[in-house]
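Take a first look at the structure below. The report after it starts with one detail and works outward.

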Amino acid sequence: MPRGIKDQVVIVGMGCSRFGERWDCNAEDLIVEAAQECFADAGVGREQIDAAWLATAIEEQHMGKSGIPLALALRLPFIPVTRVENYCASGTEAFRGAVYAVAAGAADIALAVGVEKLKDTGYGGLPQRSRGTLNDMYWANASAPGAFAQLATAYQAKHGLEMTILKQAMAQVSVKSHENGSRNPKAHLRNRIDTDTVLKAPMIAEPLGLYDCCGVSDGAAAAIVTRPDIARELGKQDLVTVKALQLSASNGFEASFNNWDGTYFVTNRTAAKRAYLEAGIRDPRAEISMLEVHDCFSITELVTLEDLGLSQEGRAWRDILDGFYNAEGTVPCQIDGGLKCFGHPIGASGLRMLYEMYLQLLGRAAERQLPNPRLGMTHNLGGFPHQNVVSVAIVGRLES
Amino acid sequence: MVGIISFGGYVPRLRLERKAIVEANGWFNPALRAYAKGERSMANWDEDSLTMAVAAARDCPGVAELSSVFLASTTLPFADRQNAALMAGALNLDESLATLDVTGSQRCATSGLIQALCALAGGAGKTLFVAAEQRRTKAASPMELLVGDGAAALLLGGENLVAEFVGGHQIAVDFVDHYRGTQEAFDYSWEERWIRDEGYLRIVPRAIKALFERVEVPPSQISHFLLPCQFPKLAQQIAKMFGISEEAVADNLDGRVGDTGAAHSLLLLTHVLEQARPREYILVVGFGQGCDALLFRTTERLDGFSPRTGVSGYLERKRLESNYNRFLAFRGLVERDKGIRAEADIRTPLSTLYRNRRMATALVGGRCRQCGTPQLPKGHVCVNPQCGAVESQDEYCFADRGAHVQSWTADRLTYSPDPPTYFGMVVFEEGGRLMADFTDMDASSIRVGMPVNMSFRIKHFDELRRLPKYFWKAISQIGSESAGRKNQ
């Protein structure tokens with residue numbers, strides 16, 4: 001295994017726009033909203049940025065291709081600007097670019113921005129679109145809820161769980177996130193809900209109902225990264241560093257080989273294992289203080305908690321119902337409301353997850369502040385359970 | 001001696017209740033109430049004459065190593081793109097093949113069949129003859145109640161026959177009981193009484209008389225008399241003219257299937273062959289601007305032979321449709337607001353389709369020579385993580401392989417002409433898997449572990465470019481659903 005990224009790169013500034021139905025903003029306006037906060041937080045100006053990475057997934061629905069839209073929005077001074085995309089894991093992908101550039105010495109100070117403007121499509125939900133010319137010929141006619149619902153029917157059958165119990169656990173995932181989102185002024189959805197509301201909601205893709213699915217939101221988030229020595233020159237004392245940064249992409253195993261039973265993510269397990277090695281974590285359930293996982297759907301969060309080693313296989317539903325992942329529980333999950341409530345502007349989500357972990361580590365999370373968190377983990381997933389890409393990041397204070 | 005080696009049939013699973021049609025249209029034409037009982041077969045939104053033809057051909061055992069393939073229908077999806085060649089592709093047949101579309105009248109199947117049999121007698125090799133029909137009818141027409149959708153397949157040859165072709169006679173008469181121009185969607189028909197009296201009753205007997213003069217078989221020896229027509233008792237009337245017994249008149253499947261147009265003579269033939277005994281004479285008639293009369297004699301080999309499911313099996317496998325509006329929607333007979341998701345333009349480049357036709361049309365993937373793993377799609381690198389061999393795969397067809405469902409959902413968000421879309425992970429018992437659309441399923445029977453087979457269907461219809469795109473979907477294994485429900 002290579003040496004790894006642990007403690008080589010510091011996040012010196014972050015910003016995040018308000019997420020929601022931002023009828024008032026183009027994608028470029030959202031970028032500026034997040035970037036302004038980020039630059040102010042870092043205490044750097046745009047002329048100090050050596051290279052930038054832009055994450056956005058369905059650019060044809062808003063600002064168009066290449067890294068140029070970021071350079072245009074911020075008037076970046078003819079520096080390298082790279083547009084990246086890895087489905088819903090694009091945000092963390094931009095972060096990877098910036099972090100590795102700094103670690104490699106190719107940049108002193110690098111910028112990562114993620115943005116998505118989903119509310120000009122005219123859809124409730126993600127737009128129906130081509131998946132690729134050959135893929136369109138044979139892929140099942142699946143929406144995202146449908147593809148992730150597969151996890152639920154397979155999980156329920158494998159673990160012999162009553163569907164009513166599984167649905168209650170899935171409901172608690174969303175109830176908990178809504179509770180957290182109600183304390184987040186930047187979140188798209190801030191209403192509290194109860195289990196009964198979730199269970200009575202209309203079905204979207206059996207067995208996922210309305211409240212098992214995150215909605216679509218507009219938003220942007222940004223991070224500025226640099227080396228520890230430059231961070232100190234900028235006057236920072238509490239340094240939040242990257243402890244691990246891993247990515248895993250499916251290779252056809254899940255979709256074409258009869259060894260995968262449809263109840264977990266191969267990529268989750270692979271990326272998490274490597275991330276723990278990279279960060280020197282032996283017992284994630286004991287050592288991870290808080291995490292943001294990709295709760296595009298409640299079942300995704302449930303299964304991911306097992307894949308990340310925080311719950312035993314087949315037991316996440318029990319931990320969830322016991323409140324283990326609630327804000328007041330042992331390992332709070334989605335303390336900022338998650339994709340479910342903060343929102344899921346696709347390209348921004350990976351960076352938004354890091355934004356909350358960053359604020360928590362610096363004691364700046366206001367009403368949501370957890371007592372003395374040490375290590376925060378983000379999990380960002382793009383694609384479908386049977387074919388996807390997953391990134392896992394772990395951040396913490398430099399001394400820890 | 002040439003004749004039928006084997007046979008198969010197909011009737012779509014959906015059966016539109018005729019009383020639902022009458023309830024919807026009876027206010028306008030009370031005469032329709034005469035047909036309110038029973039059902040008519042209704043192709044699903046993802047079926048057409050081509051998909052039904054493929055289904056019938058797959059029901060027919062022994063379809064391999066053919067010289068010729070014929071496809072007869074007046075409702076083929078393409079007027080100029082050979083449908084028989086497309087069907088041959090779906091059946092994974094060798095490309096060294098003579099293929100022909102036969103069309104133009106309601107007797108095109110019987111006419112084509114006679115020509116195919118003549119070619120065989122002249123030395124042609126084993127031949128697959130398929131007929132299929134999905135007639136388009138106007139709302140509130142009597143035809144809407146009387147027609148049905150379906151297909152039949154015959155494997156023809158010179159040896160190992162279950163039925164020998166004794167002889168045939170054809171007459172050509174431009175009797176225009178109805179017509180449909182090339183650019184038109186619907187038929188135009190004349191008065192029924194005239195069609196019966198001047199058409200059937202005058203023209204059909206001429207063909208039968210000439211046939212009997214040629215073959216020297218006493219009409220009283222006919223065990224099965226097949227005459228598709230909409231007039232009750234007409235077949236009996238004509239039978240009586242010749243001394244064919246009334247018991248010989250075959251059930252024309254009115255009230256269970258309906259008249260499947262150009263396919264009907266052959267559909268009735270395959271249905272009768274399922275029940276016939278050896279050494280019986282079968283007289284088959286086709287009518288449409290003339291008349292074809294064909295005489296077959298079953299052989300000892302018929303005993304113990306059966307198609308994979310057969311018309312009888314497909315008849316039992318039915319789902320009643322009581323919503324006439326769904327029928328109108330599937331046939332595009334009403335201007336509907338399909339919603340924003342239906343606007344998505346999913347274009348298939350014809351070059352991509354051609355290059356990948358083995359997978360798209362025949363469901364052919366790969367099988368690694370090194371580790372034996374079947375995989376879909378076929379790739380350059382074996383998907384087995386313990387293997388990973390490069391350029392090691394031979395073609396491997398998944399179409400006829402049994403499978404079971406590992407996971408599933410009912411997706412109400414994605415666009416579908418018939419929501420919700422059922423789909424899930426289909427795991428083939430001998431290896432390989434596919435996240436596949438489901439079709440024709442009884443929703444209450446869908447469960448993890450259910451056995452499924454693959455069926456050739458319309459995957460998507462490109463409205464902008466007027467192109468049906470085909471692929472394979474999972475259907476419940478025939479006979480398995482009632483078993484599933486019992487187990488629950």
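Which residue stands opposite A:His379 in S11(A)? The partner of A:His379 in S11(A) is A:Val392. All of this is read from a predicted model.

## Around strand S11 of chain A

S11(A) covers residues 387-397. This strand is mostly covered, with 10 of its 11 residues buried. Two strands of chain A pair with S11(A), namely S8(A) and S10(A). A hairpin of 2 residues links S10(A) to S11(A). With S8(A), one matched pair is A:Ser248 and A:Val390, the latter in S11(A).

The table lists strand pairings from both chains.

| Strand | Partner | Sense | Bridges |
|---|---|---|---|
| S8(A), residues 240-249 | S11(A) | antiparallel | 9 bridges |
| S10(A), residues 375-384 | S11(A) | antiparallel | 10 bridges |
| S15(B), residues 364-368 | S16(B) | antiparallel | 2 bridges |

## A helix that packs on these strands

Helix H10(A) runs over residues 266-279. Its 14 residues should span 20 Å at 1.5 Å a residue, and its end C-alpha atoms are indeed 20 Å apart. Buried residues of H10(A) include A:Val266, A:Ala271, A:Ala272, A:Ala275 and A:Tyr276. A:Thr267, A:Asn268, A:Glu278 and A:Ala279 are buried too. What do the buried residues of H10(A) pack against? They pack against S8, S11, H9, H11 (284-287) and H12 (298-307) of chain A. Just past the helix, A:Gly280 has a positive phi of about 75°.

## Two domains in chain A

The domain assignment splits chain A in two. Domain 1 takes 10-120 and 218-233. Domain 2 takes 143-212 and 240-397. Their C-alpha centres lie 24 Å apart. The contact between them uses 34 residues of domain 1 and 33 residues of domain 2.

On the domain 1 side, S1 (10-16), H3 (90-104), S4 (109-116) and S7 (219-226) of chain A each give at least two residues. H3(A) gives the most, with 8 residues. By class, this side of domain 1 has 21 nonpolar, 8 polar and 5 charged residues.

## A loop residue: A:Ser17

A:Ser17 sits in the loop between S1 and H1 (27-42) of chain A. Is A:Ser17 buried or exposed? A:Ser17 is buried, because 27 other C-beta atoms lie within 10 Å, and 20 or more is the cut-off for a buried residue. Leaving out residues up to four places away in sequence, A:Ser17 touches A:Leu30, A:Glu33, A:Ala34, A:Gly219 and A:Ala220. A:Glu37 is 20 residues from A:Ser17 along the chain, yet their C-alpha atoms are separated by 8.4 Å.

## The nonpolar core

The largest nonpolar core has 284 residues. Which of them touch the most other members? They are A:Val113, B:Met87 and B:Val130. Again leaving out residues up to four places away in sequence, A:Val113 touches A:Ile31, A:Ala34, A:Ala35, A:Ala52 and A:Leu54. A:Leu70, A:Ala94, A:Ala220 and A:Ala222 are also among the residues that A:Val113 touches. A:Ala34 and A:Ala220 appear here and among the contacts of A:Ser17. In soluble globular proteins, nonpolar side chains tend to be buried together.

## Where the chains meet

How many residues of chain A are in contact with chain B? The contact joins 35 residues of chain A to 43 residues of chain B. On the chain A side, H4 (133-138), H5 (144-159), S5 (203-205) and H9 (253-256) each supply at least two residues. H5(A) has the largest share, 7 residues. By class, the chain A side has 16 nonpolar, 15 polar and 4 charged residues.

## Two elements of chain B

Helix H8(B) covers residues 264-275. Its 12 residues reach 17 Å from the first C-alpha to the last, close to the expected 16 Å. H8(B) is mostly covered, with 10 of 12 residues buried. Among the buried ones are B:His264, B:Leu266, B:Thr270, B:His271 and B:Val272.

Chain B also has an open sheet of 3 strands, in the order S16-S15-S17, with antiparallel pairing. S16 (374-375) and S17 (393-397) of chain B are the edge strands, and each pairs on one side only. B:Gly366 stands opposite B:Gln375 in S16(B).

Terms used. Residues are numbered from 1 along each chain as its sequence is written. Chains are lettered from A and ligands numbered from 1 in the order in which they are written. This is a predicted model: local features need pLDDT of at least 70, side-chain atom pairs count only at pLDDT 80 or more; totals for chains, interfaces and linings use all residues. A nonpolar core is a set of buried Ala, Val, Leu, Ile, Met, Phe, Trp, Tyr and Cys residues joined through C-beta atoms within 7 Å. Two residues are in contact if their C-beta atoms, placed from the backbone, lie within 7 Å. Helices (H or I, at least four residues) and strands (E, at least two) are DSSP runs, numbered from the N terminus. Ala, Val, Leu, Ile, Met, Phe, Trp, Tyr, Cys and Pro count as nonpolar, Asp, Glu, Lys and Arg as charged, and the others, Gly among them, as polar. The expected span of a helix is 1.5 Å times one less than its number of residues. Two strands pair if DSSP finds at least two bridges between them. Domain bounds come from an automatic or database domain assignment.
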